[in-house]
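Student: Could you take me through one part of this model up close? I am new to it, so short steps please.

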Amino acid sequence: MLTIPIYDTVLLPDVTFYFRKEVIDNWEVDDLEVGEQLIFAFLRNDIDRDNITMNDIFPIGVFAKIEAVDSEMNVKIHTYDRVNILSLDKDRDGTYISETEVRPEINDMDPDERRAMFDELKNAFLKFVSAYQWGLWARGAILQWKNLNEMISATAGYYNITWEEKYQVLEADSVRERYELIENIVYEFFEIVDVANGAELKQKEQNESLYREDAIKKQIEILQKELDEMHPESISDVRKFEKKIEESGMNEEAYNEAVKVLNRMKQEGQNSHEYGMLYDYLDFVTALNWKPAEQAEIDLKKAEEILDRDHYGLKKVKQRIVQQLAVMALNPMQAGSILLFVGAPGTGKTSIGQSIAEALGRKYVRVSLGGIRDEAEIRGHRRTYIGAMPGRIMEGIKRSGASNPVVVLDEVDKLASDFAGDPASALLEVLDPEQNGTFTDHYMNVPYDLSKVFFVCTANTIDTIPEPLLNRMEVIEFQGYTANDKLSIAKKHLIPKALKSMGIKKRQLNITDTAIKKIISNYTMEAGVRGLKKRIDSVCRYAAVKLVKGDEDKISVTPAMLKEFLGSKGIQHDVIEKNTPAGIVTGLAWTASGGEILFIETKIFKGTGKVIITGQLGDVMKESVEIAVSLVKTMYPKLAEQLDANHDLHIHVPEGATPKDGPSAGITLVTALVSLLMKKKVNPAIGMTGEVSLRGNVMPIGGLPEKLMAAERSGVRKVFIPEKNREDLEEVPEEVKERLEIIPVKKITEVLDGCGLQG
């Protein structure tokens, strides 16, 4: 029988259906006649009609007859039975012929129940279409439906269900099952349309509300501008930031970002939970000084006077700063090197930054970097985080209110790194003149020019500063102060400041020079003057109590009174002993607080050939011990026979609780061992410092000025130093060099000869 493949259409028994001409054309069937019998086969997919096989169709089709064909070839059909399609073949003329058999139905629903369900669904459709403008047209079509089969066939194209779900309706043998499927499909369609219409209505209402809100906002904005002009003191946040942004002089990128945030702030309104964050951002970026700073004329003579007024000594440091200022005076575009001031605490590294700012006529900002572990402390937090803040650099620039302040980055050597990032690496961009012209803080998210900022860094040591960061800076060492320096600093700076801060008149308190010298020698042990300041403050506070009580009108502090004012000695310096046994030699060491002497003690006794090392020595110092032992065995094989398997060698460096490291004790260790093996004493007034090699060469060390000052303070009179450190003697105060006999040496034998340990 002639078979027509169709797709995405539901045809059930007892249905009158109309096919338009364009659909008929796809069938490629000519001369359709009234009464002609057809089989409608349902395609699984919308495929080419030329090569259809049994695998391309569903196994159940519908038998139908043509009832009418109009002049335009539109076809009216009526369906009868469902059929099982047993085979499908293509005829010579291109039409399809199939062999079928009638598929029986299970009529398990009485006519009254079937009619009631149909009426209920038809009424539901009539009610549904009445809400639309096209409902009148649709009502006429609905009233012509005769049963549920016609209903589903006429409306199948409107349901959002798959072709497989539509085919289930045809496949159902049970009439009840089929009608229940139709009922579910129709009611589900009603619900989907109802939800979509509700959402559309809600969206429409929301849009109308937004349009109304925008109109009201514009009216408010107009009225607000009028109010702002009438009452400038009560200007709104938005108007305030609009004015600040326009007057800020921002670069284009920063201006666009600020305007974007301001527009967002307008839309959010004050009740939004993001309003505060947006306000803080605009408040920060508009508080920055974006305008290029005018370079004040640099007066070198005035700068020198300021540096000399505020700081005693530091001749080479001041000289280098003046050189930097001179370059800036000749070429304002040249900021010069980033200065790194390295020295012991209390030597004036941080405070000299204030003097530089005053000499340049610029603002001064100090940024403490000690203990920072989070990279965001330098570059800022991204605004995606709750509680985001700008980095310390930009926060300092904001505080200064200038685009070219003097910024002191304090304690660069105490930066740390962990899972939160490496702050030292983040500083590379800040301190690199090639990059900091477009420094971008994560919080700001726009570039800011740091090239005009005068950066000064401070550190106690360069050992912990990463090499890439250190390479961007010029190291300027701050040497420790001698006792005479400290006396002058106390009289010119520390005492006047202490009296002023505590409200004591100069005539009411006098601290004698001898008392100051005793404080320096017995109550401080540092290279700087921080501890000295604390002791002087303590003396002033003690005197203030007496003055307020009325016990005395005028106080003169003498050395004898210091025990009452400061208690017993606060510091116990190592000093040389008058008589020491063989095997003990005086060495010199550098600490973060300045120089100190230390004693290398050695003992040999019966044992099992062990070398015992005590005194909390670091790895480098332990290696120095091994080198010293090997060198002594090589130089004095006869004497070294004592270091056999029947004797133990014990090397100790007091104080045992203080960690020590570094190679500069090498020559001291060799001398102590030779003294021990020869059983010859070494004069304790002889000190020494230097690294030693296995060939007996004396190699250079660091911290020579501090070590020599410690030697002079401790009673040492002769000091051996490496020949290669001879140039460093220029950094040593003259008064220290005058009191010491300083002997540069190249070989360890020169040291041993000088100590009376000739081989």
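**A loop and its surroundings**

Tutor: Start with Lys679, in the loop between α22 (666-678) and β20. Keep in mind that this is a predicted model. Lys679 is not a glycine, yet its phi is positive, at about 60 degrees. Is Lys679 buried or exposed? Lys679 is exposed, because its relative accessible area of 61% is over the 50% cut-off.

Now follow the chain into the strand beyond the loop. Strand β20 covers residues 686-688, and two bridges join it to β16. The two strands run parallel. One pair to find on screen is Gly587, which stands opposite Met688 in β20. What about the cover on β16? Strand β16 spans residues 584-591 and is mostly covered, with six of its eight residues buried. So here is the picture: Lys679 in the loop is exposed, while the strand β16 is mostly covered.

Next, compare another loop. Asp14 sits between β1 (2-6) and β2. Asp14 is not a glycine either, and its phi is positive at about 60 degrees. How does its cover come out? Asp14 counts as partly exposed, because its relative accessibility is 42%, and that class lies between 20% and 50%.

The strand β2, residues 16-19, has side chains that alternate. Phe17 and Phe19 point to one face and are buried. Thr16 and Tyr18 point to the other face and are not buried. Four bridges join β2 to β5 (residues 75-90), and these strands run antiparallel. Tyr18, for one, stands opposite Lys76 in β5.

A positive phi also turns up at a glycine. Gly361, just after helix α12, has a phi of about 70 degrees. Helix α12 spans residues 351-360 and is mostly covered, since seven of its ten residues are buried by the cut-off of under 20%. Among them are Ile352, Ile356 and Leu360. Ser355 and Ala359 are buried as well. A general rule helps in reading such a list: an α-helix has 3.6 residues a turn, so residues three or four places apart point the same way.

Finish at the surface. Asp89, Asp91, Asp93, Glu99 and Glu101 form a negative patch. Glu101 is in strand β6, residues 96-102. Why does Glu101 count as partly exposed? Its relative accessible area is 40%, and partly exposed means between 20% and 50%.

How values were computed
Residues numbered from 1 in each chain as written. Predicted model: local features only at pLDDT ≥ 70, side-chain atom pairs only at ≥ 80, totals over all residues. Heavy atoms only, no water. Patch = residues over 30% accessible without salt bridge, like charges linked within 9 Å, V, L, I, M, F, W, Y side chains within 5 Å. Areas by Shrake-Rupley, 256 points an atom, 1.4 Å probe, with all protein chains shown as cover. Salt bridge = Lys/Arg side-chain N within 4 Å of Asp/Glu carboxyl O. Lys, Arg positive; Asp, Glu negative; His and termini not counted. Charge placed at Lys NZ, Arg CZ, Asp CG, Glu CD. Buried < 20%, exposed > 50% of the residue type's maximum accessible area, 1.4 Å probe, protein only. Pairing = 2+ DSSP bridges.
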